[in-house]
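The following exercises are intended to be worked with the sequence and the coordinates at hand. Each task is followed by a solution in steps.

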Amino acid sequence: MPASNCSYGLRELLWKVLKRNTKRIDQSSGNEITEMESVTKKDRISNLPWDVLDGILVRLPLKEVVRTSILSRWWRHKWTGISQFVIDDKCIPSRISDKVARWELIMEILRQVQLHHTGPIEKFKLAAYCRPDHSDLDQWIHYLTDKGLKEFILQEFDTIKRFNLPFCLFSCPLLNRLELFGCRIKPSSEAIGFKSLTNLHLNEVCVTGGTLECLVLNSPVLERLTLLNIDHQIVLRIGNANLKYLKVDSNFDDIYLENSPSLASVDIGLRVRVIPRSFGSEGGNLIRVIGCLHAIKKLTLSSAILAFLGNIDVPDKLPTLLPHLSVLELKDVRLDSLIELLVCVCIFRSAPNLEELHLSVAADTTEYSRPAADFLITKLSNHYFEQLKVAKIRAVQNVQNETIFIQLLLAQSPVLKRMTIVHYGSKILPTEVLEQSVPASKDVEIFNLSV
C-alpha cells in the first residue's frame, strides 16, 4: 500500500475511534463532529490533548497504533507514549513461527518504548505465542515498576522452566490487577501483599501455601482470586475479609475458607480425586469448608471435591443454613456414589432459597446403584425445593438413578418454571418416563433435548 493511502487509512481509523468513544461538540456551530469534515479533522486529531488521544489509541490493536508512526514526523514516536500495552499474536507476522524469534520482535517494541516513553504505563499484557527470555522479562518488569502500573498480565506462553517473578513488582502501590502464568513466586520476605490489588489470577504458578496465604491476607481490598493448575499440592488457607469471588481448579491437600466471610461466589474443582492428608476438624470437611460460607450466593463444585467434602461424617443439613445461596452448580456428579449424594442432599437441605440448580452427570455413572437410589428416594421425598425456578440436568445417560432424580426434582419443586434435560450422544428421556412423575408446579416447561 502506498504511504499516502496508508496514512489516510490510519487517519480515518483514528477518526472513527474518536467518534465512537468520545462525543465532542463543535464549539463554533454547536453541531456534532461528522466523519466527513475532511478539511480540519487531521489537525483536530493531532492537536487533541494527550489524555484524549491516549484514550483513542489504547482502544486500537497495538499493531495499528505502531503504524501511526508513518503519519508524520510529529507522530513518529507518539505510539511509544500510550498508557496501555497489550502484546498479542496480532503484533507478530503470522509467517514467523519460531518462539524465540517472536520474542525478539516483541523486545524490539519494548526497547522502543523504553527509549521514548514518558508518563505512566498503567497496563501491560503479554498474550502472545513466544518463549520470553527471562532476563529480558525481568528487566522489563523492573522498568514498569516506576511507571504507575495498575494492571500486569502474563497469559499463556511457552516456557521451559518457571520464571522467577522479581520482588520489585510487589512495590507497585497502584497495582489492582495481577494475572500470572508460568511464574515462581518466591519473595525474599513472607510479608508480601498489594494494598490496591482487587483481582489476582494465578495459572501454572509455583508458590508455597504459606506464601499464598500471606499474599491473600496482605491484600486488604482483594475481591477476586483465581487459582488454576498450581504446581504441587498445597494446603490452601484463603483468609481475606474483603474477598467475594474464589475459583480453584487445581489439586490441593486441604482448603480452609473460614476467614473469608464475604465470599459470595465460590467455584472449587479438583483435577483428580485425592485423599486429603489433613481431615479437618470435628464434623467433617463439608461443615468446615462449606458451612462457613454464610454470604455465599453462587456455589460450584466438581465431583472430586464432593468426594473430598464427604470423606467424613456428613449431616442431614449444615448447622447454619446458607440463606443467600440461590445458584448451585454441580459438575460431573456420580449419581451412583452414595458419598457424593450425601453431600449434594445436605447442601440442598441447607439452601432454603435455592433458585437455580445446574447438574451435569458423570459419563461413567453405572446403570443402577440400589443404595444410592434408595437414599435419593428416602431423602428427597421429604424435601421440597421451595424456591427452585430453574433446573438443568446435562449429560444424561438414561440410567435409572438419573431418572429417579429427575422425577423427584419435578415432584418436589412447587414453583419450578423451567426444567431442561440435555442428552449428549444418547436418546432423549422417554416421555412416558417423565409422565410417571406429576410435577408439583403447574407452570413448569420441560425441555427434553438431545445434542
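**Exercise 1.** How are α11 and α12 oriented relative to each other?

*Solution.* The model is a predicted one.
Step 1. Two packed helices are described by the angle between their axes and the distance between the axes.
Step 2. For α11 and helix α12 (residues 400-411), the angle is about 5 degrees and the axes are 10 Å apart.
Step 3. Angles under 35 degrees count as roughly parallel. The two helices α11 and α12 are therefore roughly parallel to each other.
Step 4. On the α11 side the contact involves A372, A373, L376, I377 and L380, which meet N401, I404, F405 and L408 of α12.
Step 5. Sorted by class, the contact of α11 with α12 comprises 8 nonpolar residues, 1 polar residue and no charged ones.

**Exercise 2.** Determine how α10 and α11 are packed, and classify the residues of their contact.

*Solution.*
Step 1. Helix α10 spans residues 338-350 and helix α11 spans residues 370-380. Their packing angle is about 10 degrees, and their axes lie 10 Å apart.
Step 2. It follows that α10 and α11 are therefore roughly parallel to each other.
Step 3. From α10, the residues L338, L341, L342, V345, F348 and R349 make the contact, together with P371, A372, F375, L376, K379 and L380 from α11.
Step 4. The classes in the contact of α10 with α11 are 10 nonpolar, no polar and 2 charged residues.

**Exercise 3.** Describe the packing of α5 with α6, including the handedness of the crossing.

*Solution.*
Step 1. Helix α5 (residues 99-116) packs with helix α6 (residues 134-144) at an angle of about 25 degrees, and 12 Å separates the axes.
Step 2. This angle makes α5 roughly parallel to α6.
Step 3. The crossing in which α5 passes α6 is left-handed.
Step 4. In α5, the residues W103, M107, L110, V113 and Q114 meet D136, L137, Q139, W140 and Y143 in α6.
Step 5. The residues of the contact of α5 with α6 fall into 7 nonpolar, 2 polar and 1 charged.

**Exercise 4.** Consider the backbone at E204 and D332: what is the sign of phi in each, and how accessible are these residues?

*Solution.*
Step 1. Most residues other than glycine have a negative phi.
Step 2. E204, although not a glycine, has a positive phi of about 50 degrees. The residue is placed in the loop between β7 (199-203) and α7 (209-217).
Step 3. E204 counts as partly exposed because its relative accessibility is 27%.
Step 4. D332, also a residue other than glycine, has a positive phi near 55 degrees. D332 belongs to strand β14 (residues 327-333).
Step 5. With a relative accessibility of 45%, D332 counts as partly exposed.

**Exercise 5.** For C206, I192 and G148, state the loop, the burial and the contacts beyond sequence neighbours.

*Solution.*
Step 1. C206 sits in the loop between β7 and α7. Its relative accessible area is 15%, so C206 is buried.
Step 2. Apart from neighbours within four places in sequence, C206 contacts R162, C183, R184, I185, D231 and H232. From C206 to H232 there are 26 residues in sequence and 7.6 Å in space, C-alpha to C-alpha.
Step 3. I192 occupies the loop between β6 (183-184) and β7. With a relative accessible area of 2%, I192 is buried.
Step 4. Not counting residues up to four places away in sequence, I192 touches F167, F170, P187, T211, C214, L215 and N218. F167 is 25 residues from I192 along the chain, and their C-alpha atoms are separated by 9.2 Å.
Step 5. G148 is in the loop between α6 and β3 (151-154). At 27% relative accessibility, G148 counts as partly exposed.
Step 6. Residues up to four places away in sequence set aside, G148 touches I121, E122 and L174. G148 and P120 are 28 residues apart in sequence, with 5.5 Å between their C-alpha atoms.

**Exercise 6.** Summarise the protein as a whole: how many helices and strands are there, and what percentage of residues count as buried?

*Solution.*
Step 1. The protein has 13 helices and 18 strands.
Step 2. It contains 451 residues, of which 49% count as buried.
Step 3. About 21,200 Å² is exposed by the protein, with 51% of it supplied by carbon and sulfur atoms.
Step 4. Among contacts with a separation of 6 or more, 67% are accounted for by residues 24 or more positions apart.

Conventions
Residues numbered from 1 in each chain as written. Predicted model: local features only at pLDDT ≥ 70, side-chain atom pairs only at ≥ 80, totals over all residues. Heavy atoms only, no water. Axes fitted to C-alpha atoms, helices over the stretch in contact; angles between N-to-C directions. Helix = DSSP H or I, 4+ residues; strand = E, 2+ residues; numbered from the N terminus. Parallel < 35°, antiparallel > 145°, perpendicular 65-115°, else oblique. Left-handed = near helix turned anticlockwise from the far one by under 90°. Contact = heavy atoms within 4.5 Å. Nonpolar A, V, L, I, M, F, W, Y, C, P; charged D, E, K, R; others polar. Buried < 20%, exposed > 50% of the residue type's maximum accessible area, 1.4 Å probe, protein only. Areas by Shrake-Rupley, 256 points an atom, 1.4 Å probe, with all protein chains shown as cover.
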